[in-house]
Amino acid sequence: MSIGRTIKKLRTINRISQKEMSEKLSVSCQTISKWETGRSYPDIEKLPEIADFFHVTIDTLFQGNVEDFNETLTNAERGYLEENRTGWDQSISKDWNGTILPNYGPYTPCEDELKLFGNMKDKAVLELACGNGRSLLYQAEQGAKELYGLDISEIQIADAKKKFADKHINAKLFISPMEINPGIPFHHFDYVYSIYGIGWSQDINKVFSLVSRYLKANGIFIFSWDNPLLPCLESQNGQYVLSRSYEEEQMIRIKKFGMEMNLRNWKISSYINALINNGMEIEKFVESSAHYDRNAEYSERYYSAHRAALINHSFVIKARKRH
């Protein structure tokens, strides 16, 4: 039987120690060691718990066909991500402010109104696409105990580290795209979140699979992003015209900070199905406009009060890991 070798491979790929695994499965480190060296095998009643712990099927435990999630980027994805990284590196010099907590997006209800996070005292949190760390600083102010962040931009992460150092706050920050795990622990976080960053993912199924692994049982995932209908609208002669396919989930080339960047316009259903497929249940879905002048005049700007009166600019989802 190769189940011991499979368990060891899964544990190594997921960067989980024998101690961490033994605590989650309520067995001793010696028992884990015996499984991995073939000196004993897990009881049959324990197999579903082991499979659930690693987010794999029982068949995978026996067959050993384990995918290393750090090696799943295609060449095309790597190319798109590299262009995006270069673009986000430029944002520091452009005095870009972005969206940070307690805000969720343009003309969108904020955390003070939605109260999606609840009491953050002593919580472990991870932010995807954390930028220069200002939303993580907000979490620190709310009492979060462990702060982790990940961003594709080396320059953004360097700026975040300086901010945390100036305030004498400890945070573990990683330079990485969301689609791979650069060394972040699994089964560890009370909250994983992304404030207007998740849509830059090249593969939301990969990202949500990792999010599910990062979270503890019953952990919370919160993210906000553009209403995917918004990039499909174009201003023409005082009207908003549907000029791009919503159905096709096209790769959109945009110019930001003077650089060409890439994002795929995922449908709402794709986000929802990716959550479901990776063991999460939606607790709150927000798609409403707020904080805009109902009498605002027509504007050709991408985000505008006039447009917000007709269509919500952002959506926010709160989901819970089922196990």
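1. In this predicted model, Leu233 stands opposite Leu242, a residue of strand 7. The pair belongs to an antiparallel arrangement in which four bridges join strand 6 to strand 7, the latter spanning residues 239-242. Strand 6 and strand 7 form a hairpin, with two residues between them. In the turn, Asn237 has a positive phi of about 50 degrees.

2. Strand 6 (233-236) also takes part in the largest pocket, as one of the elements that give two or more residues to its lining. The other elements of this kind are helix 6 (75-90), helix 8 (134-141), strand 2 (146-151), strand 5 (215-226) and strand 8 (251-256). Which of the elements gives the most to this lining? Strand 8 does, with four residues.

3. The space in the largest pocket amounts to about 940 Å³. Its lining comprises 47 residues, and those that lie nearest the centre are Trp88, Tyr196, Trp200, Trp225 and Lys256. Sorted by class, the lining has 22 nonpolar, 13 polar and twelve charged residues.

4. Two of the residues nearest the centre of the largest pocket, Trp88 and Tyr196, reappear in the contacts of buried residues elsewhere in the chain. Trp88 is in contact with Gln156, a residue of helix 9 (residues 154-166). Gln156 has a relative accessible area of 2% and is therefore buried, the cut-off being under 20%. Beyond its neighbours within four places in sequence, Gln156 is also in contact with Ser91, Ile92, Trp96, Gly131, Asn132 and Asp151.

5. Tyr196, in turn, is in contact with Gly105. Gly105 is located in the loop between helix 6 and helix 7 (111-114). Is this loop residue buried or exposed? Gly105 counts as buried, because its relative accessibility is 12% and the limit is under 20%. When neighbours within four places in sequence are left aside, the contacts of Gly105 also include Thr99 and Ser314. Gly105 and Ser289 are separated by 184 residues in sequence, yet their C-alpha atoms are 9.7 Å apart in space.

6. The second largest pocket holds about 180 Å³ of space. Its lining consists of Lys24, Leu25, Glu49, Asp52, Phe53, His55, His187, Lys216, Ala217, Lys321 and His323. Helix 2 (18-25), helix 4 (47-54) and strand 5 each give two or more residues to this lining. The largest share, three residues, comes from helix 4. By class, the lining divides into three nonpolar, three polar and five charged residues. Strand 5 is thus an element that gives two or more residues to the lining of the largest pocket and of the second largest pocket.

7. Helix 4 merits a separate comment. Its buried residues are Leu47, Ile50, Ala51, Phe53 and Phe54. Why do they lie on the same side of helix 4? They do so because they cover an arc of only 160 degrees around the axis. An α-helix has 3.6 residues a turn, so residues three or four places apart point the same way. The cover over the buried residues of helix 4 includes helix 1 (3-13), helix 2, helix 3 (29-37), helix 5 (58-63) and helix 10 (204-214).

8. Phe53 is buried in helix 4 and is also among the residues that line the second largest pocket. The residue that follows helix 4 is His55, with a positive phi near 60 degrees. His55 is likewise one of the residues lining the second largest pocket.

Technical notes: Residues numbered from 1 in each chain as written. Predicted model: local features only at pLDDT ≥ 70, side-chain atom pairs only at ≥ 80, totals over all residues. Heavy atoms only, no water. 1 Å grid on protein atoms, 1.4 Å probe; cavity = no way out; pocket = protein on both sides within 12 Å on 5 of 7 lines; lining within 4 Å. Points joined across faces, edges and corners; volume = space filled by probe spheres on them. Nonpolar A, V, L, I, M, F, W, Y, C, P; charged D, E, K, R; others polar. Buried < 20%, exposed > 50% of the residue type's maximum accessible area, 1.4 Å probe, protein only. Arc of directions from axis to C-beta. Contact = heavy atoms within 4.5 Å. Pairing = 2+ DSSP bridges.
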